[in-house]
Amino acid sequence: MNSRTRDLKWLFLSVLLITGSAASALTVQKMTCNMQSGQLMMTVGTPRFGWVLMSDVLGDAQKAYQIKISSTTEKAKKGEADVWDSGKTSSDQSQLVQYTGKPLTPGQSYFWTVSIWGTKSKQTGQPEIACFRLAPSRDQLVAGWIGAITKAESHLPDGRNWHVPSFKEKKVQDAWNAIDTLALKSIQLRKAMTLKKQPVSAIVYISGLGQYELSLNGQKVGECAFDPLWSDYDKTVYYSAYDVTGKLAKGQNVLGVLLGNGFYNAVGNRYNKLWVSFGPPTLFLQLELTYADGSRETICSDQSWHYSLSPITFNSLYGGESYDARLEQKGWDNTGFIENKSWKPVVVQEAPRGELRPEVAPGVKVMNHFPVKSVNKLAPGSYVLNMGQNLSGYPQIKVKGKKGDVIRLTVSELLDKDGRVSQKQSGGPYYLEYTLKGEGEETWSPEFTYYGYQYIQLDSVDLYTAELDSKRPLVLDVQSLFVHNSARETGTFTCSNSIYDSAHVLIQNAVKSNFQGVFTDCPHREKLGWLEQDYLNGPGLLYNYDLTNFLPKLVQDMQDAQHPNGLVPSIAPEYVVFGDDFSDSPEWGVASVIVPWLYYEYYGDTTLIRKAYPMMKRYVDYLSSKATNNILSYGLGDWYDYGLHPAGYSKNSPISISATAHYYYGIKYLARAARLLGYAADSLTYDSLATTVRKSYIKRFFDPETKQYGNGSQYCNAVSLYMGLVEADYKKPVLLNLIKDVREHGYRLTTGDIGNRYLFQTLADNGMNEVMHMMNNHHDAPGYGYQLQYGVTTLTEQWDPKRGSSWNHFMMGQIDEWFYKSLAGIQADMDYPGFKHFFVKPASVEDLASVDASFDCLYGTIRVSWKRTDKSFDLTVNVPVNTTATVVLPIDVTEARLNGKHVDVVNKSLDIHSGISHIQLDILYF
C-alpha cells in the first residue's frame, strides 16, 4: 500500500453470509404466471412465467431451468408434462419466461412446475406445483345481464356534463323528477338451484354493476369491498372469478347477489361532485360446474332469477348510505327461504357497451381497523369521536335499541370551531344512517360507499353506557375500517431523521386512502383519477407497492378515455367532462406516455409499451396539432405552486414553459418507445420532432445573458434541466441559478404539484442532496415537517392545512422517490430493466445518521442499510439471487478490503453478486 493510499480515507469491506438453509441448493420461493400468484387467477394472453430464487451460496445464480405444464395436479405430481415441457434450457432468465407450446384452452386451469440449476449449486429438489387459469373466451361467456328495470324505462340522466349538479337549476330538478326511483335502488337477487351431483369444480364468473356482494348458501364469497374495479363502462367492464367448489353440495343451493350503484350509476340527491349513469344496477353471473364423470353444467344469470329491494334504502359513492334493518329478509340468500310477494321476476337488461375483461388487478378490501382514540361529548346524546387516523373507508358500529330507532353518522376530516364535524372542504352532505330492527346487539357498516374522514359525529344516541331514563339507542362500539386497494406492499423506509421517517408514513397513509380502483385525488370531494400523480409520484408508488397488474389497468383506463382526436383527458375514467384546461392539460395527459415507460423500467416488461403505443403516438400527435411554432401555451401549468397567492393555476412560472416542456417530454419517450419496439420510421420521425421542439424551446425560453429559463423560477430552471432542455455549456450556470433561487427563498421550494418532482430530482441527480436536505429538513411551510407539526395524519392538498382544500391528497408526496432512490440509493439500471442489475448509490447528507430501506423487485428483496458516525460509514446491501448490483460509494477511495482481501475501487464503484440471503458491506474509514 503506497503512502498516497494511506492518506485517503481507508475503506474496509467484509462479507457476512447469513444462511437460509442447510443444503447447498437453489430453492424456488415464489412462482408467478403473468406476474400473478395464487391458486385462481385469470391470465390474459400468452402465459409468461417467473420465480424468485433463494440460495445459501454466495454469488449463486441460475444457469438453466425446466418448466413443465400439466393438465391435472396428479400429473404434475408425477412430473408428466402432458401440456408442455420446455426441456432443460440454458438461461439465467427467471422472469417473463415465455410459453412457446401449443395454444391453451380458454377457461382451463393448468398446473406447472419449474426446476432450476445453479451456477454454484445443485438442481432444486422436488418442485412446488403452481396453478394458473386462462380467462374464458368471449364466446364462452353466455350469461345475460339482469336487474329490476331496463335502462330505457329508468329515464336516468344521460351524458357526462353533469358537473356539481344543483337542484336550484331547473334542468337538474327536471332530470331528477324524471327518474324511475327503482333505477336508483339497491336490489338483492337470488337463484335457487338443485344439483343432482356433487361438483368437483365450481368456478363463478361475475360482474355486478356498479358494485356487488356475492354469497352462496348464505356465505359471502370473496373479500373485495368495491368490485368490480371502476372503469369507463362504455368501453370496459370487469368481471371476477371465484372458486366456490367447497361451498356447493348435492341438492339445494342458492346464489345471492346484492347490487349497489357505484360509479356505474352515480346519481343522487345528497352531495354530488357529478352525475353519471350508464344504467340501473345490473348483474352478469355464470357458474361453471364440472363433475367427477367429466360432465359439465352452466348456470347463468337469466330470466329465471328473482329480485327484491334490499334493506339499503339509499346508496351513493358521493352521498353516503342508509340502511333499514327492519327490511332484512333473514336467509334470503340461503336454502329453505320462501319468497314472499316482494320478490319479483328479474328483467333481462341491455348489456353494457363495454368489453368484458377479466379483473386481474388487485381489488379493494378492508385493510385495517382503527378504534376510537378520544371522545368529545357535545351535548346529551351528541358525540364526536376522534378515530386517530384520517383514512378512506367507513365506520362499523355495534348498537342496541328499539325497533325503528335511527342512528345517523356524519363523518369528516376536520372540525368546526364548536368541535362539530365539518364537510365544508370535503363535500357534503354525506352521511350514513342505520335504522334498528330491535333484536339485541346489531352490527352494521355500509356496503357501497366510502369517504375520507377522521372524525365521526353521532347524534341522538348514548355511547358505551345508557344514560338515566334515556330512550336513545346505545352505541356499544365504533371502529373505522380503512378501505383501500389490496396491492401488496413492496417497500419499507426508515431513517434517523424524524421528519423524513414520519413524512414517509404521512405520504403512504394518503396514498392508501387514494388507492382504490384508480389512484384518486382525494377520497371524499372528487374520488376521480387525475393522471398527473400516476407518473410524478410513480417511482414512489412503484417502490412501495406491487403494481404489476394495477398499472396495466390504469393504462387501459387512459386508452378508454382517449378522445377520437387523440386527446387523453386529465382524468381517467372520464366520468365527467370538465372542459378547457381541466380536461386538456399536457402535464396530465402525458401520463399516457410516461406510465408505460415506468412499468418497463421497474418490471423489465415491454408489453405495456407495445399495448399503449398507439395511444402514446396519437396523444403526441394531438399535442403537435395544438402547437404554434412548436410551442404549447395552454393548460394548468405547475398546479398549486407555492406562494402567498391563492392555490390553483401556475402563478410562479409561465404556463407555456410547462406545457411545452411536457410536450417535448412526451415526444422523447415516444421516440424511445419506437426504438425499443423496432419502429424505425417512427423513431426517426419523433427524434427529429424532439430536436426541433427542443431548439424552439431554448430559443423561446432561455436567456443567455441571465442563464435562466422563463422568468427564472425554480420550476422553469428545474424542469428544463431535468428534461434535457439545457445545452451542455449552460447546465452548470442554470443549476447554480436554481440553487441560488432556493437559497434566496430561505431554502424553501416555490414549486407545485407538477414541479416538485423536477426540483427534487434535479437537485439529487446533480449531487445537490445537501440542498435537498436543507429544503426539507424543517418545520416550516412549505414542508412536510410543518404538516407533521400541525398534527395531520395524511398528506394534505396544500402545504399549509389551514389554507383549506383536502386533507388527504398524495400529490405533493414526490419526496418518497428521493428517500428510496437517493438516501437509500436503490436505482434501476436501464441497460437491464426490472432490476436484473441495479445500482446502490446511497447519498450521505449532513446530520443523517442512518437509513434502512427495502424494495421487493421481481427477483426478490433488495435491502440497503447504512449507518454513519464521525469515523465510520457502515453499509449493508442485500442482493437477490440471480441479480447483480454495482455499489457506488458516497466517499472517494481507491482501495478496499473485501472479505479479507484487498480490492481496487474504480470510480467509487464495486460490483457485487447475489448472496445466500444478503451481503453485508462494513465500510470503515479513519
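## A stacked pair within helix α18

In this predicted model, Y786 and Y790 both belong to helix α18, where four residues, or about one turn of the helix, separate them. Their ring centres are 6.4 Å apart and their planes meet at 25°, so the pair counts as stacked, the limit for that class being under 30 degrees.

The two tyrosines can also be described by their accessibility: Y786 has a relative accessible area of 16% and is therefore buried, whereas Y790, with a relative accessible area of 36%, is partly exposed.

## An edge-to-face pair involving α18

The count of aromatic pairs comes to 66. One of them joins Y784 and W799, whose ring centres lie 4.9 Å apart with the planes at 85°, so that this pair is edge-to-face. The contact links distant parts of the chain, since Y784 lies in helix α18 (residues 784-790) while W799, 15 residues away, lies in the loop between α18 and α19 (815-824). Both Y784 and W799 are buried.

## An aromatic cluster

Elsewhere in the model, one aromatic cluster is formed by F226, W230, Y233, F263, Y264, Y271, F278, Y318, Y450 and Y575.

## Arginines at the ring of Y431

Which residue has its charged end over the ring of Y431, 3.9 Å from its centre? That residue is R270. R408 likewise lies over the face of Y431, in this case at 3.7 Å from the ring centre, so the ring of Y431 has the charged end of R270 over it and R408 over its face, each distance falling within the 6 Å that the criterion allows.

Notes
Residues are numbered from 1 along each chain as its sequence is written. This is a predicted model: local features need pLDDT of at least 70, side-chain atom pairs count only at pLDDT 80 or more; totals for chains, interfaces and linings use all residues. Side-chain values use heavy atoms; hydrogens and water are left out. Rings of Phe, Tyr and Trp (its six-membered ring) pair if their centres lie within 6.5 Å; planes under 30 degrees apart count as stacked, over 60 as edge-to-face and the rest as tilted. Helices (H or I, at least four residues) and strands (E, at least two) are DSSP runs, numbered from the N terminus. Buried means under 20% relative accessible area, exposed over 50%, partly exposed in between (1.4 Å probe, protein chains only). A charge sits over a ring if NZ of Lys or CZ of Arg is within 6 Å of the ring centre and within 35 degrees of the ring normal.
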